[in-house]
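Work through these exercises with the sequence and the 3D view side by side. Try each task before reading its solution.

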Amino acid sequence: MSREALIGNVTAMLSDAGFTVSDQCVIRPKSFDVAARRGEDLVLLKVLGNIDAFDGPTGAEMRRLGTYLQGTPIVIGLRTRNQDLKPGVVYFRHGVPVMSPDTAMDLFLEGVPPLVYAAPGGLYVSIDADVVHDEREERGWSLGRLANELGVSRRTVAKYEDGMNASVEVAMQLEDLFGDGLTSPVDVLDGAEDVHDAEPTPDDPDAEPEDQPIITVLTMAGFDVHPTVRAPFKAVGEGERRSERLLTGHSAFTESAVKRARIMSSLSRVTRTRSVYFVDKAKRDSIEGTAIIERDEVEDIRDPEDFRDLLKERADATEA
């Protein structure tokens with residue numbers, strides 16, 4: 001299956017599951033392919049045939065964008081090396097959860113989250129430490145007795161009861177001994193933080209010299225500006241209120257700029273942000289909701305409200 005066909009299948013599945021899906025991000029380089037929202041759940045999706053093509057810089061960018069846009073970065077792929085991704089298993093690459101289309105379908109369409117995650121050494125599940133402790137004590141078993149039943153050391157059993165996750169094999173043994181209800185699903189939409197010790201959000205990349213004038217304007221308008229390097233927008237701006245977020249771009253007013261502005265508009269609707277594109281000379285006031293503002297118009301703005309008023313005026317403008 002081609003990657004384009006795979007992206008089409010994934011977006012169709014998300015639509016069937018009740019998500020609003022953005023237009024595909026077709027401008028390169030790109031860290032994600034589509035954004036999708038259902039209620040308060042926002043996901044930024046990268047779709048790959050082979051997940052080994054997912055590199056560290058792309059992972060770092062997706063994690064940054066997930067933080068700034070209050071969403072979850074996820075990779076959906078078919079295989080790694082020469083092996084298909086296992087259904088019902090969450091993998092991790094560069095701090096981003098990875099799953100197969102079947103696992104994604106179970107999660108998003110059927111509402112069945114995965115129970116198993118891959119980590120160095122094999123496949124693991126999250127077990128309820130309190131239930132293991134209570135069940136052991138209710139039977140009057142010592143740590144040694146349970147260790148013998150499982151074929152592990154007393155120290156390992158003590159770690160299970162302190163919250164360490166178990167291999168799939170040990171979890172199955174525990175359920176045979178104590179019954180169901182010992183395992184917890186992997187909370188993918190929270191980044192699977194319950195089973196994955198991700199590093200802190202990577203630092204922002206350095207802004208390109210040509211981006212600096214726009215960053216200065218946005219900063220004076222009261223926005224914290226986070227440059228991007230692999231997104232269809234140049235930066236994410238965060239206003240005084242956490243909910244006030246802005247996707248920005250800038251270039252000459254070309255067909256490529258119009259295409260980029262349209263993608264930004266689609267992403268803004270899904271991510272609940274505003275979008276603005278700065279140009280040297282504007283030929284229209286907005287493109288499908290993305291405000292078009294000439295650089296000269298904002299160079300002398302000092303009052304943040306003046307910028308916000310201009311942004312709203314342009315975004316609400318009727319296109320010719």
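**Exercise 1. A salt bridge between loops**

Task: Find the salt-bridge partner of D55, then say where the two residues sit in the chain.

Solution:
- Step 1. D55 forms a salt bridge with R230. Their closest N and O atoms are 3.8 Å apart. The salt-bridge cut-off is 4 Å. Bear in mind that this is a predicted model.
- Step 2. Place both residues. D55 lies in the loop between β3 (41-50) and α2 (56-68). R230 lies in the loop between β12 (224-227) and β13 (235-238). The pair links distant parts of the chain, 175 residues apart.
- Step 3. Check accessibility. Buried means under 20% and exposed means over 50%. D55 is partly exposed because its relative accessibility is 30%. R230 has 22%, so R230 is partly exposed.

**Exercise 2. Two more salt bridges**

Task: Compare where the partners lie in the pairs R145 with E149 and E297 with R314.

Solution:
- Step 1. Start with R145 and E149. Their closest N and O atoms are 3.2 Å apart. Both residues belong to helix α5. They are four residues apart, so about one helical turn separates them.
- Step 2. Look at their surroundings. R145 is partly exposed at 38% relative accessibility. E149 is partly exposed at 35%.
- Step 3. Turn to E297 and R314. Here the closest N and O atoms are 2.5 Å apart. This pair links distant parts of the chain: E297 is in helix α10 (residues 295-298) and R314 is in helix α11 (residues 304-315). They are 17 residues apart.
- Step 4. Check accessibility again. E297 is partly exposed at 29%. R314 is buried, with a relative accessible area of 10%.
- Step 5. Salt bridges can also share partners. R3, K30 and D33 are joined into one network in this way. The structure holds 15 salt bridges.

**Exercise 3. The two faces of α4**

Task: Which residues of helix α4 (residues 129-138) are buried, and what do they pack against?

Solution:
- Step 1. The buried residues are A129, V132, E135 and R136. They lie on the same side of α4, because they cover an arc of only 135 degrees around the axis.
- Step 2. The face turned away from that buried side carries the exposed residues D130 and E138.
- Step 3. List the neighbours. The buried residues pack against β9 (122-127), α5 (143-150), α6 (154-161) and α7 (168-178).
- Step 4. Inspect both ends. At the start of α4, a side-chain oxygen of D128 comes within 3.1 Å of the backbone nitrogen of D130. Just after α4, G140 has a positive phi of about 70 degrees.

**Exercise 4. A sheet and its helices**

Task: In what order do the strands of the six-stranded open sheet run, and which strands stand at its edges?

Solution:
- Step 1. The order is β12-β13-β14-β15-β17-β16, with mixed pairing.
- Step 2. β12 and β16 (286-287) are the edge strands. Each has a single partner strand, so one side of each lacks a neighbour in the sheet.
- Step 3. Take one pairing. β12 and β13 are antiparallel and share four bridges. The bridge partner of D224 is E238, in β13.
- Step 4. Add the helices. α8 (residues 212-220) lies across β12, β14 (245-250) and β15 (274-279). α8 runs at about 150 degrees to β12. α9 (residues 255-271) packs on the sheet and touches β14, β15, β16 and β17 (290-294). The direction of α9 makes about 160 degrees with that of β15.

**Exercise 5. The neighbours of β2**

Task: Is strand β2 (residues 34-38) largely enclosed or largely open, and which residues stand opposite A36?

Solution:
- Step 1. Four of the five residues of β2 are buried, so β2 is largely enclosed by the rest of the structure.
- Step 2. Follow one neighbour. β1 (residues 20-21) runs antiparallel to β2, and two bridges join them. V21 stands opposite A36.
- Step 3. Follow the other pairing. β2 and β3 are antiparallel, with five bridges. A36 stands opposite V43 in β3.
- Step 4. Look at the turn. β2 and β3 form a hairpin with two residues between them. G39, in the turn, has a positive phi of about 65 degrees.

Terms used. Residues are numbered from 1 along each chain as its sequence is written. This is a predicted model: local features need pLDDT of at least 70, side-chain atom pairs count only at pLDDT 80 or more; totals for chains, interfaces and linings use all residues. Side-chain values use heavy atoms; hydrogens and water are left out. Buried means under 20% relative accessible area, exposed over 50%, partly exposed in between (1.4 Å probe, protein chains only). The arc is that of the directions from the helix axis to the C-beta atoms. Contact means heavy atoms within 4.5 Å. A polar contact is a pair of N or O atoms within 3.5 Å; within protein, one must be able to donate a hydrogen and the other to accept it, and residues adjacent in sequence count only if both atoms are side-chain atoms. A salt bridge is a side-chain nitrogen of Lys or Arg within 4 Å of a carboxyl oxygen of Asp or Glu. Two strands pair if DSSP finds at least two bridges between them. Axes are lines fitted to C-alpha atoms, for helices over the stretch in contact, and angles run from 0 to 180 degrees between N-to-C directions.
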